[in-house]
Each structure stands twice: as C-alpha cells, then as structure tokens.
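Here are some notes for a colleague who is opening this entry and would like a guided reading of the pairs and helices in it. Please keep the sequence and the structure in view while going through the numbered points.

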Amino acid sequence: MRQNLTRMWLISMLAAVLIAFCAGSTRAQSAGETLFKSKCAMCHGPDGKGEVPMGKKLNARNLGSTEVQSQSDAQLTEVLTKGKNKMPAYDGKLSKEQIAQLVAYIREIGKKH
C-alpha cells in the first residue's frame, strides 16, 4: 500500500513538472509569435516567406530558407539588434529577451518550411 502511494506521488510530481515545462515552452513560442506578428510579418509575411507586397518590394528574406536557418543564433540576434540592409535595428526597441524570443520563433519557422 505504501509503495503504491509512493509511486502515485512520484508519477504525479513527474506529470506536474512535465506540464509546467511544456506550458513554459508554449508561452515563449507564443511571445515570439506575437512579436513576430507585430514587428516582422508586415515585411516577412505571416509565414516568414516574405511573399507579401512590402516583402517583395524590400526583397525580404525567406526566414525558413537554408540561408537564414544556417546562421547561428548569435548572427540572427545581431541582425535583429543592429539591422542589416533594409532591415531595421531593434536595439532599444526590443529587450534582449524579446529578441531571443524572435530568434526562437524564426527557428520554429524553419521547422515548418
């Protein structure tokens, strides 16, 4: 009986940790997606392909492309922070945490392509 209670308690704790981990992961992705929609989708499109009028005009990168996805997180962070070509700089406009959330979301876009 005591062994069964111990097992049930252990399984319950493991389930709680797993749920908490998954919920935290979803929140980070949701925050990145929300930022992407408000700051990036106008040029890169909702799917990150850049196939929207403004994206075509500015020759926005397809964020799911090998060219973008092969860059390191540090390189993507630098582009987001300092800007590049027609891409605006977000230093001072977004926090480091928000930029990291965008980098994570760009990685998610790469998995969808």
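1. Which salt bridge do the side chains of Asp73 and Arg107 form, and at what N to O distance? Please bear in mind that the model is predicted; in it, the side chains of Asp73 and Arg107 meet in a salt bridge with 2.8 Å from N to O. This pair links distant parts of the chain, since Asp73 belongs to helix α5 (residues 73–82) and Arg107 to helix α6 (residues 96–112), with their positions 34 residues apart. Asp73 has a relative accessibility of 43%, and therefore counts as partly exposed.

2. As background to these pairs, side chains of opposite charge can pair when their charged atoms come close. The structure holds five salt bridges, and two others among them are taken up in the next points.

3. Within helix α5, where do Lys82 and Glu78 stand relative to one another? They are four residues apart, so about one helical turn separates them, and their side chains meet in a salt bridge at 4.0 Å, N to O. That value should be read with the cut-off in mind, because a salt bridge calls for a nitrogen within 4 Å of a carboxyl oxygen. Lys82 is exposed, with a relative accessible area of 61%, whereas Glu78, at 44%, counts as partly exposed.

4. Helix α6 holds a salt bridge of its own, in which the side chains of Glu108 and Lys111 meet at 3.3 Å, N to O. These two residues are three apart in the helix, so that about one helical turn lies between them. Glu108 has a relative accessible area of 22% and is partly exposed; because buried means under 20%, Glu108 does not count as buried. Lys111, at 64% relative accessibility, counts as exposed.

5. How many aromatic pairs does a search of the whole structure find? The search finds one, and in this pair the rings of Phe36 and Tyr105 have centres 5.3 Å apart and planes at 50°, so the arrangement is tilted. This pair, too, links distant parts of the chain, with Phe36 in helix α1 (residues 2–39) and Tyr105 in helix α6, 69 residues apart. Are Phe36 and Tyr105 buried or exposed? Both Phe36 and Tyr105 are buried.

6. For the overall architecture, the protein has six helices and zero strands, and its pattern along the sequence reads α-α-α-α-α-α. Of the contacts between residues at least 6 apart in sequence, 45% join residues at least 24 apart. The protein has 113 residues, of which 27% are buried, and its accessible surface comes to about 8,100 Å², with 59% of that area belonging to carbon and sulfur atoms.

7. A last point concerns Thr66, which lies in helix α4 (residues 66–69) and is exposed, with a relative accessible area of 66%. The C-alpha atoms of Thr66 and His113 are separated by 9.8 Å, although the two residues are 47 apart along the chain.

Note on methods:
Residues numbered from 1 in each chain as written. Predicted model: local features only at pLDDT ≥ 70, side-chain atom pairs only at ≥ 80, totals over all residues. Heavy atoms only, no water. Buried < 20%, exposed > 50% of the residue type's maximum accessible area, 1.4 Å probe, protein only. Contact = heavy atoms within 4.5 Å. Areas by Shrake-Rupley, 256 points an atom, 1.4 Å probe, with all protein chains shown as cover. Phe/Tyr/Trp six-rings, centres within 6.5 Å; stacked < 30°, edge-to-face > 60°.
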